[in-house]
Amino acid sequence: MKKLKTWDIFALGFMTFALFLGAGNIIFPPMVGLAAGENLLGASIGFLLTGVGLPLLGVVALARVGGGLDTLTSPIGRIAGLVLAVAIYLTIGPLFATPRTATVSFEMGLAPFVGNTPAMLLAFTIAYFVAVALLSLFPGKLMDNVGKIITPVLILALAVLGGSAVLAPVDGYSLSTEAYATQAAAFSEGFLQGYQTMDALASLIFGIVIVNAIKAAGVSDSKLHTRYCIYAGIIAATCLGLVYVSLMYLGATNSQLAANASTGVQILTAFVQQTFGPAGLWLLATVIMLACLTTGVGLITACSSFFSELTGISYRTMVIGLSVFSAAVANQGLAQLIAVAVPVLVGLYPVAIALIALSLLHRWNQPARVYIPVMSTSLVFGLFDAAKAAKLDFLVPAWLDMLPGAALGMGWVTPVVCVLVIAGLLDFAIGNKQSAANATRA
């Protein structure tokens with residue numbers, strides 16, 4: 001029975017880290033830090049919960065069932081599970097997240113040198129997705145190509161950037177904005193901003209990529225698959241946490257450099273130019289290009305595997321098709337992608353969180369009795385929050401604003417927890433009654 005060596009386990013963890021560390025992971029933490037300022041602690045804790053904690057739990061949940069989202073969603077029925085899976089794969093794949101890896105790479109990595117024009121964006125996205133497709137065509141080599149070659153270079157560049165942010169801050173803490181006025185408000189806002197990384201959703205599709213990488217290394221024992229997935233998740237979560245904390249600290253202590261910044265791109269660019277001079281742009285370009293490339297490869301690989309199995313179209317054809325489609329969407333620009341993605345993410349995240357929590361909480365007597373009402377509730381309230389995020393307030397009942405946490409975008413939590421408690425108790429009671437009846441008949 002083959003086992004992974006220690007270096008192979010770290011390579012798997014580095015690969016997992018690189019899959020998660022993409023566009024949103026770079027551009028959103030500095031903005032959170034800039035807005036949080038002196039209330040950085042609360043914002044950081046909230047952001048880390050959704051940006052690191054949820055992805056780690058997602059990897060663990062999928063590792064327990066063998067890495068397949070279809071198995072994780074089986075208690076809600078095949079059709080409902082398929083609809084949810086397609087929604088997640090499309091959101092985290094060709095409609096939003098995958099194109100965003102290209103637009104962020106361009107705006108932060110290349111545009112400072114060649115200019116931000118539609119023609120240059122088109123040329124870059126073509127070259128970018130050619131590289132993504134070539135790496136994705138050989139999924140069995142991901143641990144070697146990404147984990148052992150690309151990620152160590154990325155980690156070195158991140159260490160230089162993050163280390164300089166922590167050891168040589170430009171200013172003291174900035175003043176908190178209204179949304180981050182208190183530590184409690186900063187926590188809630190940081191929690192919601194963590195959605196933008198899309199990592200909790202990504203964890204639900206990267207599980208199969210990680211398992212397949214382990215299988216490609218020759219490991220056949222399913223128990224070892226689970227163990228190595230958890231190891232990889234812990235390594236990735238540790239690395240992500242360090243990156244987020246350093247980038248949020250960078251944003252919180254550089255308000256004078258980027259006082260009017262509207263994106264994390266502007267904050268990072270101002271910092272590296274101030275700290276490293278012209279060479280700083282090359283450092284930033286290296287970090288962004290490698291981070292986004294590895295995530296793009298992971299997303300194309302996962303989505304191609306899923307849709308290939310779903311449609312019967314060959315994996316290689318799907319890789320090429322999704323790469324071409326993602327390139328076309330990327331040319332809509334970064335600002336447009338972020339604006340459209342926010343309502344979708346706000347709607348999907350409560351469902352994803354509920355799914356991960358249900359899979360980890362308990363081995364239910366009859367899972368469908370708990371999964372269906374809880375996830376239905378999370379979907380309904382997620383759709384209301386999505387409507388609010390899309391400025392369609394007329395679709396949202398007024399009484400929802402009275403729920404605890406509604407003003408902070410977390411009004412769905414109380415109803416979902418209440419339904420979970422009621423459904424769990426009913427499942428427990430019915431299960432015990434059935435057990436007693438079986439024992440009497442015996």
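This passage describes the domain arrangement, the salt bridges and several individual residues of a predicted model.

The chain is assigned two domains, with domain 1 covering residues 6-331 and domain 2 covering residues 364-441. Between the C-alpha centres of domain 1 and domain 2 there is a separation of 30 Å. Contact between the two involves 8 residues on the domain 1 side and 9 residues on the domain 2 side. Together, domain 1 and domain 2 bury about 730 Å², and 77% of that area falls on carbon and sulfur atoms. On the domain 1 side that touches domain 2, helix α9 (residues 183-193) gives the most, contributing 3 residues. By residue class, this side of domain 1 is made up of 7 nonpolar residues and 1 polar residue, with no charged residue. The count of salt bridges between domain 1 and domain 2 is 0, and the count of residue pairs in polar contact between these domains, with both at pLDDT 80 or more, is likewise 0.

Salt bridges come next. The structure as a whole holds 2 of them. In one, the side chains of Asp-427 and Arg-369 meet at 3.1 Å, N to O. This pair links distant parts of the chain, with Asp-427 in helix α17 (residues 413-441) and Arg-369 in helix α16 (residues 367-389), 58 residues apart. The surroundings of the two partners can be set side by side: Asp-427 counts as buried because its relative accessibility is 1%, while Arg-369, at 27%, counts as partly exposed.

In the other salt bridge, the side chains of Asp-401 and Lys-388 meet at 3.0 Å, N to O. Here the partners are 13 residues apart, Asp-401 being in the loop between α16 and α17 and Lys-388 in helix α16. Lys-388 has a relative accessible area of 28%, so this residue is partly exposed. As a general point, side chains of opposite charge can pair when their charged atoms come close.

The loop between α16 and α17 also holds Lys-391. This residue deserves a look at its backbone: Lys-391 is not a glycine, yet its phi is positive, at about 65 degrees. For context, most residues other than glycine have a negative phi. Lys-391 has a relative accessibility of 71% and therefore counts as exposed.

Helix α6 offers two buried residues to inspect. Thr-98 is found in helix α6 (residues 97-114), and its relative accessibility of 1% is why Thr-98 counts as buried. Beyond its neighbours within four places in sequence, Thr-98 is in contact with Ile-92 and Gly-93, with Phe-129, and with Leu-299, Ile-300 and Ser-326.

Ser-105 has its place in helix α6 as well. With a relative accessible area of 0%, Ser-105 is buried. Its side chain reaches the backbone oxygen of Thr-101 at 2.7 Å. When neighbours within four places in sequence are left aside, the contacts of Ser-105 are Leu-110, Phe-124, Tyr-128, Ile-288, Met-289 and Cys-292.

Helix α11 and the loop that precedes it in the numbering supply two further positions. Ala-236 lies in helix α11 and is buried, with a relative accessible area of 1%. Not counting residues up to four places away in sequence, Ala-236 touches Gly-13, Thr-16 and Phe-17. Although Ala-236 and Val-52 are 184 residues apart along the chain, their C-alpha atoms are separated by 8.8 Å.

Gly-218 is placed in the loop between α10 (199-216) and α11 (222-252). At 40% relative accessibility, Gly-218 counts as partly exposed. From Gly-218 to Leu-40 the C-alpha to C-alpha distance is 45 Å, and the two residues are 178 residues apart in sequence.

Definitions and conventions. Residues numbered from 1 in each chain as written. Predicted model: local features only at pLDDT ≥ 70, side-chain atom pairs only at ≥ 80, totals over all residues. Heavy atoms only, no water. Domains from an automatic or database assignment. Contact = heavy atoms within 4.5 Å. Buried area = accessible area lost by both parts, 1.4 Å probe. Salt bridge = Lys/Arg side-chain N within 4 Å of Asp/Glu carboxyl O. Polar contact = N/O pair within 3.5 Å; in protein donor to acceptor, adjacent residues only side chain to side chain. Helix = DSSP H or I, 4+ residues; strand = E, 2+ residues; numbered from the N terminus. Nonpolar A, V, L, I, M, F, W, Y, C, P; charged D, E, K, R; others polar. Buried < 20%, exposed > 50% of the residue type's maximum accessible area, 1.4 Å probe, protein only.
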